[in-house]
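Here is a short report on one protein model and its bound ligands. Keep the structure in view while reading.

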Amino acid sequence: MKLQVMKFGGTSVGDAECIARAAKIIASAARARSVVAVVSAMSGVTNRLIAAAHQAATGDKAATNELAAALSTQHAGAIDALIKDESRHAKLSAEVQQIIREVAALCRGTALLRELTPRTLAAISSAGERLSARLLAAALCELGLHGVAVEASELIITEDDSAQAEPLMKETRERAPARLLPLVKDGVLPVVTGFIGATAEGILTTLGRGGSDYSATILGAVLDADEIIIWTDVDGVLTADPRLVMDARLLREISYNEAAELAHFGAKVLHPKTLRPVADAGIPVWIRNSFAPEEPGTKITRTGHPTESGVKAITAISNVSLITVGGRGIVGVIGVAAKTFTAAASVRANVLLISQSSSENDICFIVDSGDAERTLKALKKAFASDLVHHNVEHIRVNPGICIIAAVGEKMRGTPGIAGRLFSALGKRGVNIIAIAQGSSEYNVSFVVEASVMQSAVAAIHEEFDLGRRSIK
Ligand code: ADP
Ligand code: ASP
Ligand code: MG
């Protein structure tokens, strides 16, 4: 029997009505194939958990009570609306209250110690998925199906990193199918907590914000699923973020490479690592709208569907900082780049873009703003003696910028695209701070002031006619 892994994002399980809709989608798919569901926390819950954890670290005890009350109201309200069977209602309510008590205890401990360790933060922030998985499983039972919540900490084995854990695929391949496939064979519908993993020793880890997409493809890969469907709140992958460009259009089919570039450069619709586990096996990934399940969505495949213009989509990423290491003294000095990126790697900074001018007067690169301060510190340490001797004259951080990327596999070898891009921006008076093109040529990316992000995206979207016709 064919197997589908389906992931439901936060808005797709945002309230009782959404959870009921998700349960119906699963029920309808399960008539023709086996289904493993993966679920995010109800929308807003992870943010709330993380904020309360940080608040607790300041010694604030009241924040814990507010958190427990808000979680209780949100989940108990959904349970009342969803679950009619009395004993199921009582059992689920007790489980939910137990998880909320556990989170509250962790927050209280944090407030007492005034210290939030990465492990504690992971345990607190993962509670949303542990709650929502139980609600969705119970909603399936209400439909007469056998839904069972399964903790991903029993399935996805990761490295020991509480916040951005990398899966260990070999170990996960040993663990997850052995736990899930017997359930599936028995007609059970497992509902797995997204976002969560555990070390081989059983310490809970998380896969990074938005990581439930990644959970779905990790599981899809190790279960040899026939396809993966990521249910979200838009019709699929669009030519641009619909919050930035009103006439963004649906892309019916794109390649793994294109989707990965879009995700890397900030298209929130997919976690940046989502395609990694499935690209080699060629498992198709669909992005579909849980609020409009009749829409076909976007299919992500090996080849995608090339378009004439070459540019398929535009994406933008803010909350990033430009770091420049420069000075005339670095010209021709061997090892400056190595030293720069070794320093960035030593603090696990996520480097998104690198650009160096041929005159070599400076090297600039972009990191998530959250990584900027510690990267700066590491660079100042690494270049301490070069700064004294003026080989390196400055190390600067500019937080007021954004990266814009134009993505499309057909851009490879198509001349003139960069020219069109930059003249479109020039016409609108947009100043370009740095430019980079990967050797894959799937994207051209450039750095502009954050204040012109929207107009720059709109200018390129218009130049390549992305909004005016539907791209098949
Ligand atoms: P979920 O909670 O289902 O994981 P997310 O909020 O993480 O959903 O991702 C979906 C959102 O991604 C959409 O609502 C949309 O605003 C945003 N988005 C950004 N870029 C794109 C794009 N190119 N195509 C579609 N959606 C995009
Ligand atoms: N709930 C987690 C988050 O908000 C994971 C996810 O939604 O994918 O980051
Ligand atoms: Mg998401």
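In this predicted model, 8 strands build an open sheet with mixed pairing. Their order is 3-4-2-1-7-9-10-8. Strand 3 (146-150) and strand 8 are the edge strands, and each of them pairs on one side only. From one strand to the next, the twist averages 25°.

Start at the edge formed by strand 3. Strand 3 and strand 4 (residues 188-193) run parallel, joined by 5 bridges. Within this pair, His-146 has Val-188 of strand 4 as its bridge partner.

Now go to the other edge. Strand 8 (residues 253-255) pairs with strand 10 (residues 298-301) in the parallel sense, over 3 bridges. Here Ile-254 has Ile-300 as its bridge partner. Strand 10 also pairs with strand 9 (residues 285-289), this time in the antiparallel sense and again over 3 bridges. In that pair, Ile-287 is matched with Thr-298 of strand 10 as its bridge partner. Strands of a sheet pair through backbone hydrogen bonds, in either a parallel or an antiparallel way.

A helix lies across this sheet. Helix 1 (residues 16-30) crosses strand 1 (3-8), strand 2 (34-39), strand 4 and strand 7 (227-232). Helix 1 runs at about 175° to strand 1.

**The other sheet**

Another open sheet has 6 strands, in the order 12-13-11-14-16-15. Its pairing is antiparallel. The edges are strand 12 (351-356) and strand 15 (434-437), and each pairs on one side only. Neighbouring strands are turned against each other by 30° on average, direction ignored.

Look at the end with strand 15. Strand 15 pairs with strand 16 (residues 443-449) over 4 bridges, in the antiparallel sense. Ala-434 stands opposite Val-447 of strand 16.

Two helices meet these strands. Helix 14 (residues 417-427) packs on the sheet and touches strand 14 (394-407), strand 15 and strand 16. The direction of helix 14 makes about 20° with that of strand 16. Helix 15 (residues 453-463) lies across strand 11 (313-326), strand 14 and strand 16. Its angle to strand 11 is about 125°.

**The ligands**

Which residues come nearest to ligand 1? There are 18 residues around ligand 1, and the nearest are Lys-7, Thr-232, Asp-233, Leu-238 and Lys-268. By type, the shell around ligand 1 divides into 8 nonpolar, 5 polar and 5 charged residues.

Polar atoms of the protein approach oxygen atoms of ligand 1. Lys-7 brings an N or O atom of its side chain to 3.1 Å from an oxygen atom of the ligand. A polar atom in the side chain of Asp-233 lies 2.8 Å from a ligand 1 oxygen. Val-269 takes part through its backbone, with a polar atom 3.3 Å from an oxygen atom of ligand 1. Taken alone, ligand 1 exposes 570 Å², and the protein buries 89% of that.

Ligand 2 has its own surroundings. They consist of Ser-40, Ala-41, Thr-46, Glu-129, Phe-195, Arg-209, Gly-210, Gly-211 and Ser-212. This shell divides into 2 nonpolar, 5 polar and 2 charged residues.

Ser-40 places a polar side-chain atom 3.3 Å from an oxygen atom of ligand 2. Two glycines contribute through the backbone. An N or O atom of Gly-210 lies 2.8 Å from a ligand 2 oxygen, and one of Gly-211 lies 3.4 Å from an oxygen atom of ligand 2. On its own, ligand 2 has 260 Å² of accessible area, of which the protein covers 86%.

The table gathers these contacts with ligand oxygen atoms.

| Residue | Part of residue | Ligand | Distance |
|---|---|---|---|
| Lys-7 | side chain | ligand 1 | 3.1 Å |
| Asp-233 | side chain | ligand 1 | 2.8 Å |
| Val-269 | backbone | ligand 1 | 3.3 Å |
| Ser-40 | side chain | ligand 2 | 3.3 Å |
| Gly-210 | backbone | ligand 2 | 2.8 Å |
| Gly-211 | backbone | ligand 2 | 3.4 Å |

Terms used. Residues numbered from 1 in each chain as written. Chains lettered and ligands numbered in written order. Predicted model: local features only at pLDDT ≥ 70, side-chain atom pairs only at ≥ 80, totals over all residues. Heavy atoms only, no water. Near = heavy atom within 4 Å. Polar contact = N/O pair within 3.5 Å; in protein donor to acceptor, adjacent residues only side chain to side chain. Areas by Shrake-Rupley, 256 points an atom, 1.4 Å probe, with all protein chains shown as cover. Nonpolar A, V, L, I, M, F, W, Y, C, P; charged D, E, K, R; others polar. Pairing = 2+ DSSP bridges. Axes fitted to C-alpha atoms, helices over the stretch in contact; angles between N-to-C directions. Contact = heavy atoms within 4.5 Å.
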